[in-house]
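Subject: The structure you asked about

Hi,

Here is the structure I promised to pass on. Have a look at it first, and then read my notes below.

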Amino acid sequence: MVEEEYLKGMKVNRGRMNSLLHESCQYGVGHRWGSGPTDTGMSRLALSDSDKEVRDWFVATTKSLGCNVTVDAMGNIFAVRPGKRDGWPTYVGSHLDTQPRGGRYDGILGVLAGVEMLQVLNDYNVETEYPIGVVNWTNEEGARFPVITVASGVWAGEIPLERAHDLQEVGGGIATMKSELNRIGYLGSTPAGYRSMPMAAYFELHIEQGPILEANNQKIGIVTGVQAYKWFTVDIIGQEGHTGTTPLSERGDALLLAARMITLSNRLATKHGAVITTGVLSVSPGSVNTIPGHVRFTLDVRAPLDSTIDIIETELKRDYAALAAGENVGGLLDSATPGKPLQVSWQTDSMSLETKFHPKCIELVRASAESVAGSKLLLRDIVSGAGHDSVHTNRRCPTAMVFVPSKNGVSHNPEEYTSPEDCALGAEVLLQSALRYDRDRNSGEVEWW
């Protein structure tokens, strides 16, 4: 059993962890933004050749540290260090896939902190009561196969395996998740699911991806939950026409209507204390002198409460229909010439309900953060604005997250950065949280779901 004073004395090797993190980033190097050797982003899409390379690296590294490695049918990799007793492992982890123009810390830090945890346990000759492991989840970003956290969703039984396997890559390619898992050698034989690979608990270290910790000169975010989100695709069908010969009153301009709809979404987000983003917009036929006849755009709607998402969806659909019919909603047609009515259709692509993490795991993260940081002033409770694999694990096992600051609040960007000092602090909180859970679980203090 790991006692309190000994627990506090175990320290992450900051230099080793920083070197290991950047070593893993040799696979899938992205956009260069500075002159330093690590001043590049990452472009490591899920199940690409570079993803295979970093997976091979992760498997070899964790095996060298004494882990048994299992790959499931979604390509999730579970590296488990044995304990004194058999039982469900306590896991830490995150993801190694990135955005097309991503950074070196989103997801990567959580996995590498897990590898460093294994190193520290070996350094101090710690024998945990139960097994402890590190997991790398497949396609968390949803950048190549367009459902975020899809593989942890399959593990949790919330996304059917067949649906996930049949996801087709974005950008017009014909590859599916299953075909690419098979191609790179990570279509595992173990069924993807919590029954085949159960977890006693799950802790995830992640960069904040926002400005709150840095703005308040704080070092650790104790994540109490994750806000809800819903993704939509909106299609507008208008009428193509010549830009020089068609009067404004006779136009069915799909792009003009889309512009008004996107503006309205920003107003509704402001009204309800939410955030709404259009990240993808396609225009057809895409000619300088042709009125756009078809526009498709995405809406990413996020708010702390499920009820807020529902209200926004209702108001968006009502107001978009009115705008398409030519009504002057919110003054968006003031001083403009009304055109012809247009057709609008909606598709719900993905959704996640608001998440509240397990109170016992939050308590253990808080105790660990206080031990590591030394001052409660350096800590804050925080709700994640972004989705994470922890949302799915939370459905099947006690779960909590740890945040560390993001420089200038920047993420999904090559210049994403968290200092080695802050990475190490977060890794120590993660280490302590997992070990405290292992200790308390042994003493029967854990309240199970």
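Let me begin with the outside. About 18,200 Å² of the chain is accessible surface, and carbon and sulfur atoms hold 50% of that. Please keep in mind that this is a predicted model.

**The whole chain**

You'll find 13 helices and 18 strands in the chain. Its radius of gyration is 24 Å, close to the 22 Å that the globule rule gives for 449 residues, so the chain is as compact as a globular protein of that length. If you lay the C-alpha trace along its principal axes, it spans about 80 × 45 × 45 Å.

How much of the chain is buried? Of the 449 residues, 56% are. Then there's the matter of who touches whom: take the contacts with a separation of 6 or more, and 78% of them are between residues 24 or more positions apart.

As for charge, there are 41 positive and 54 negative side chains. The centres of those two sets lie 0 Å apart.

**A helix with a buried face**

Now zoom in on helix α7, which covers residues 177-184. Which of its residues are buried? They are M177, E180, L181 and I184. Looking down the axis of α7, you'd see these buried residues fall within an arc of 105°, so they line one face of the helix. The cover over them includes α3 (49-64), α5 (150-155) and α6 (161-165). Just past the end of α7 comes G185, with a positive phi of about 85°.

**Some backbone oddities**

A bit of background helps here: most residues other than glycine have a negative phi, and most peptide bonds are trans.

Two residues in this model are worth a look with that in mind. L47 isn't a glycine, yet its phi is positive, at about 65°. You'll find L47 in the loop between β2 (40-42) and α3. S335 is another residue other than glycine with a positive phi, near 65°, and it sits in the loop between α10 and β15 (343-352).

Are these two buried or exposed? L47 has a relative accessible area of 0%, so it is buried. S335 has a relative accessible area of 88%, so it counts as exposed.

Where is there a cis peptide bond? One joins S284 and P285, with omega at about 10°. P285 belongs to the loop between β12 (281-284) and β13 (290-291).

P285 also makes a handy end point for a ruler. Go from its C-alpha to that of N18, 267 residues away along the chain, and you cover 48 Å. N18 itself is part of helix α2 (residues 14-24). Its relative accessibility is 25%, and partly exposed means between 20% and 50%, so N18 counts as partly exposed.

**Two residues in one helix**

Helix α10 runs over residues 306-324, and D319 is in it. T308 is found in α10 too. Buried means under 20% relative accessible area, so D319, at 10%, counts as buried. T308 is buried as well, with a relative accessible area of 15%.

What do they touch? Setting aside neighbours within four places in sequence, D319 is in contact with L264, L268 and V329. With residues up to four places away left out, T308 touches H272 and A303. If you'd like one more distance to try, T308 and P160 are 148 residues apart in sequence and 27 Å apart in space, C-alpha to C-alpha.

**A strand residue to finish**

My last stop is R296, in strand β14 (residues 294-303). At 40% relative accessibility, R296 counts as partly exposed. Which residues does R296 touch, not counting those up to four places away in sequence? They are T233, V234, D235, V280, L281 and S282. R296 and H242 are 54 residues apart in sequence, and their C-alpha atoms are 21 Å apart in space.

If you open the model tonight, I'd start with helix α7 and its buried M177, E180, L181 and I184. After that, turn to the cis bond between S284 and P285.

Cheers

Terms used:
Residues numbered from 1 in each chain as written. Predicted model: local features only at pLDDT ≥ 70, side-chain atom pairs only at ≥ 80, totals over all residues. Heavy atoms only, no water. Helix = DSSP H or I, 4+ residues; strand = E, 2+ residues; numbered from the N terminus. Rg over C-alpha atoms; globule rule 2.2 N^0.38 Å. Buried < 20%, exposed > 50% of the residue type's maximum accessible area, 1.4 Å probe, protein only. Contact = heavy atoms within 4.5 Å. Areas by Shrake-Rupley, 256 points an atom, 1.4 Å probe, with all protein chains shown as cover. Lys, Arg positive; Asp, Glu negative; His and termini not counted. Charge placed at Lys NZ, Arg CZ, Asp CG, Glu CD. Arc of directions from axis to C-beta.
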